[in-house]
Amino acid sequence: MRRSPLPELRKSSGAFDLPSIMTGVITVGILTAGILAAIFGVIPYAQNNAAKQDLSAIRTAEGVARTKDNRFMDHQGLLDTGYLQMSSTKQTKVKADEKGTCYVALAKSGTGKIFYSTDTRTDPEIFEADTETGCLTAEDLAELIEDVGGLDPAKGAPANLKLTAVSPLQAKATWESVKGSHGYKVEYRVGDGDWAVKHERIAKLSATVSALPEETIYVRVSAVKGDQISDPSIASLTLPDSALKNPSFEEGWVAWARHYTSGEIVSGKARTGDLSLKISKPSGASQVVTVPADTPVLSFWSTKPLIIEMGGKTIPSAVTDKEGDWVQYRADVSSLTGTLVTLRLSAAEYATTYVDDITLGGAVEADAPASLAVTSKLGGATATWELPAFTGGTPITEFTVTASLDGEVKAKATVDGGQRTATVEGLTVGKSYTFTITATNTSGESVASEPYGPVEINAGHISNPGFEQDSQGWKVRGPASASTVNSHSGAKGMSMKYDAGTGTQIEQSIAIPESATVLTYWSTPGSMKVTFNKGVRTPVIMAQGENGWAQYKLDVSDLAGTTATLGMQMNQYTALFYLDDFALVGATVPDAPTAVAASSRLGAATVTWTAPVFAGGTPVGSYTATAWVSGKAVSRVNVGPNLRSATFNDLKLGSEYTFTVSARNARGESIRSDSTPALEISSGHLANPGFEQGLEGWTLLNNGSSSTEEARSGAQSFYSSNSSYGPGRVTQAVIIPADRPLFTYWSTGPAQAYFAGNKRPSYALKQDGVWTQYAVDFSANAGELRSVGVAGVQGVVYFDDIELRAPIVPGAPTAVSASSKDSKATVTWAAPEFHGGSPVTSYKVTAWSGGVERGSTTTTALTATLNGLTAGASYTFTVQAVNIAGASAKSDAFGPLEVWAGVFANASFEHGMAGWQKSGDSVSFTNDARTGVYSLRGGGRLGGIRQSVNVPVTANAITFWAKGTPSVNSGGYTGSAMTAVAGETVDGWTKYSINITSARGTTAAYWFGGATVNYDDVGIE
């Protein structure tokens, strides 16, 4: 416990009386100490005594400050107020706590010793690294020690020993090397505990020590030289509090939540303290924590790997240290700082796993970068790498690649933290170097990676192009190796053997210059894939050599100015082949374009092609398409490098032409392509409608081709068959003409039309042997540019003679129905599915009797009423649809229907629902009828139908016949129930009547229904 901060002024030195103190006129006799030091500076006693005199002067000044200002002051405050004069040495300082309730003063003697005094220990005493002064925090005390010049290391001891808190559970000690030492002995103690040996002898200049949060750690380090051990340097540090509560499980489950019942806190297996967490998959523990901004690193110790989740995401961790079977892991959680998250840790294995010392700590140095690889060309060395598994909790600011020769550093290259490649210059061609890389963040530089190499420095664009240095510079997978068995030049070639398990491949990163954009190489016969950046490329044979060797060329101009990875991968079809003599050379003229084809429509010819397989190593600048007649060029069209088609508009309709294409780059023009077959110039809207030019003009999807096996006209057709991706389909882009919007085609089987990638229904027009003509109406899309096409539906289907044509008459209307009442017939129908390519403008409805037209009417609606028919006579009815091309065929006839003079239409239900509306649940029509063939049968309690009628002014009652208990409502099935009075019964049928005198002269609706009841012969009397 600290004693009262009020000093005893009577113990102060200096000739001052109380009145002087109270008036604030003070001159502290600190000069005495300066004079003593000057006279006796070479005498240790005098030097030490001078430091003590300075502390006595500070004690007096602090007494004045306490009396006058009611608080203790820092050194500068005492000087500013005049309570203290400037010391003869700058190695005397004092520091008060934040509230001014206590102070600590230090004075460093010329002997190197530091003396201290405090408000409670007023007599100066020797200060050592493990002295506990009280009052100040460890950080403030460390700052005060630095202000007076720091503790001098013992003779021969490591200098500049420092302790830094890595986390609330761990501190890191660092020191400077001692010349001639063979290592360092590291000891530590926690609080008032005993000293323990951390390392008897360690070669590194750092060590870590663990303790619990807010405990004070003391470390002493001695240099070891043979059997001799120097005096130690000593440093101390108080660990900060932990954002994570109970980080070492010393308080059991406090602050932690258990996951699954198998997790438990146990003793006997702890890294620090007495307890640890024991878990096995899938058990674990969790804690809610706010991640502080200054602690972006999660650290934990476990005996087996853990799964760490924070904020619902899995956080990767990396191994950073080991102590016996305990392993320390660290994870970067800087993205979560300032947020409240749930930390959840779970065992990754079913085996028993112990966990201890889970903390959030400050940023540290990163791990070494991973996957370092180095290649050489053009006299330099290019290194690539990946980020460290652990970046230290703060972004990487730079990477440094070091080249060494015979253990001596020869060159370095440093790049910023966003880079993953660097080139080391200034190396000697022909010499072999090893390379390492380090990562630097705000906390310092990482350890170096494992060495890569040796790598021989090569002056060419490709490292070790002839494999004379075996596989150096190449990454090899599978059974590939330099061999003296077969080579194109020199002593060695690369032998490639197929291996189904590993695959066989060599690859190298190449810097491709603007001046050398053609890759060449020699190969024996074999099947392989050539890739750049894992994209497959197609090489072209350039020359034939002896003993089966062939030279290949490959255009890589698109990669000029970049570094790309060349891969040579063996295919399974070849047992063995050899590669040799890779080179990058300058550009040439391109090869000829390929796959040249032509089609014609609307009086023009369109020529298409694909780019040359080999562009010459420099981009193609233009293409020239040429039209020929009898070996003479009659027209040319030049297009830019990004186009693969050209259109001729000056050719003669009906004449035949052939076409060629050539390519031009900066080196000149290619030879001409092969000629197309002769093409006749056509005026139709669709190119190649009869497939006489194969599939030119069409785009093929899935499984199909042009065929001469079957054709409706000409010699060829389109053949469609099924595949795992669907039936074969051809499409073509076309502007739908307003005067020809009807798409027609012939097929030999079930077919499907497509418009803009979507299915459209087809309408069968006519038959011609095995061929059926279908039509699809595109009139709604007139003027639009869309893709149109056809495909088979099942099995093999042939297509021919596809065209766009003018509208035709529509299909016939469907679903014609009629009913009669009041001596009239009401006919309804559905519009035709096929409108003929032009909208239906009207419908003609006709009544027939004895094959003779008895009346008709025209309407634009889907219903019509015919008057003037004879009551009691029977008629049939047909409907025709009319468009711009004329009237359709007649619909299927409906009838015969007797024209009924009664109020109710279809009163005996001989025509099903005709004249009636469904209302409520479903009904049926059965052949259990009183008269005729059918009667109505209700379905369920609410199953029924209704009809609106004009009630005559003379009407008295609705009459009907029923089997079962009838249910009649006014309006509908939810209307008011009406009372039916039973009359006579004949053959199980009972006649009922309902009084409707109140409805005379009105239009009323009546509903007939109910469960298991039959109705027939409804009327009004």
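This passage walks through some local features of a predicted model, from its backbone to its cavities and contacts.

The backbone is a good place to start. Most residues other than glycine have a negative phi, and most peptide bonds are trans. Against that background, a few places in the model stand out. The peptide bond that joins Gly453 to Pro454 is cis, with omega near 5°, and Pro454 belongs to strand E31, which covers residues 452-456. A cis bond also joins Gly895 to Pro896, again with omega near 5°. Here the proline, Pro896, is part of strand E69, residues 894-898.

Phi offers two further cases. Asp581 is not a glycine, yet its phi is positive, near 55°; this residue sits in strand E42, residues 576-585. Asp822 likewise has a positive phi near 55°. The setting of Asp822 is a loop, the one that connects strand E62 (814-821) with strand E63 (824-830). With a relative accessible area of 34%, Asp822 is partly exposed, because this value falls between the limits of 20% for buried and 50% for exposed.

Helix H5 shows how a helix can turn one side towards its neighbours. In this helix, residues 138-147, the buried residues are Leu141, Leu144 and Ile145. Looking down the axis of H5, these buried residues fall within an arc of 100°, so they line one face of the helix. What do they pack against? Their partners are strand E1 (92-96), strand E2 (103-108) and strand E4 (125-127). After the helix comes Gly149, with a positive phi near 105°.

H5 also takes part in the largest pocket of the model, as one of the elements that give two or more residues to its lining. The others are E4, strand E5 (162-167), strand E10 (216-225) and strand E12 (233-238). This pocket has a volume of about 1200 Å³ and is lined by 40 residues, of which Ala129, Ile145, Leu151, Ile234 and Ala235 are the closest to its centre. Ile145 therefore appears twice in this picture, as a buried residue of H5 and as one of the residues closest to the pocket centre.

Closed spaces can be described too. Rolling a probe the size of a water molecule over the atoms shows where empty space is left. The structure holds one cavity of 30 Å³ or more, and the volume of the largest cavity is about 30 Å³. Its lining is made up of Ser167, Leu169, Gln170, Ser210, Arg271, Ser299, Trp301, Gln328, Asp357 and Thr359. Strand E17 (297-302) and strand E23 (353-361) are the elements that give two or more residues to this lining.

Aromatic side chains come next. The model contains 33 aromatic pairs. One of them joins Phe1008 and Tyr1015, with 5.6 Å from centre to centre and 75° between the planes, an edge-to-face arrangement. Both of these residues are buried. Elsewhere, ring pairs link a cluster made of Phe691, Trp698, Phe718, Phe743, Tyr745, Phe755, Tyr774, Phe778 and Phe799. Rings also meet charged groups. The charged end of Arg189 sits over the ring of Tyr218, 4.1 Å from the ring centre, while Arg220 lies over the face of Trp195 at 4.0 Å from the ring centre.

Two single residues round off the description. Gln794 is in the loop between strand E60 (785-792) and strand E61 (797-805). Is Gln794 buried or exposed? Its relative accessibility is 60%, so it counts as exposed. Gln794 and Gly749 are 45 residues apart along the chain, and 8.0 Å separates their C-alpha atoms. Leaving aside residues up to four places away in sequence, Gln794 touches Asn722 and Pro750.

Ser404, by contrast, counts as buried, because its relative accessibility of 15% is under the 20% limit. This serine is found in strand E26, residues 398-405. How far apart are Ser404 and Ser655 in space? From C-alpha to C-alpha the distance is 76 Å, and in sequence the two serines are 251 residues apart. With residues up to four places away in sequence left out, Ser404 touches Val409, Lys410, Tyr433 and Thr434.

Notes: Residues are numbered from 1 along each chain as its sequence is written. This is a predicted model: local features need pLDDT of at least 70, side-chain atom pairs count only at pLDDT 80 or more; totals for chains, interfaces and linings use all residues. Side-chain values use heavy atoms; hydrogens and water are left out. Helices (H or I, at least four residues) and strands (E, at least two) are DSSP runs, numbered from the N terminus. Buried means under 20% relative accessible area, exposed over 50%, partly exposed in between (1.4 Å probe, protein chains only). The arc is that of the directions from the helix axis to the C-beta atoms. Contact means heavy atoms within 4.5 Å. Rings of Phe, Tyr and Trp (its six-membered ring) pair if their centres lie within 6.5 Å; planes under 30 degrees apart count as stacked, over 60 as edge-to-face and the rest as tilted. A charge sits over a ring if NZ of Lys or CZ of Arg is within 6 Å of the ring centre and within 35 degrees of the ring normal. On a 1 Å grid over the protein atoms alone, a cavity is a set of points where a 1.4 Å probe fits but cannot get out, and a pocket is an open set with protein on both sides within 12 Å along at least five of seven lines; lining residues have an atom within 4 Å of a point. Grid points are joined across faces, edges and corners, and a volume is the space filled by probe spheres set on the points.
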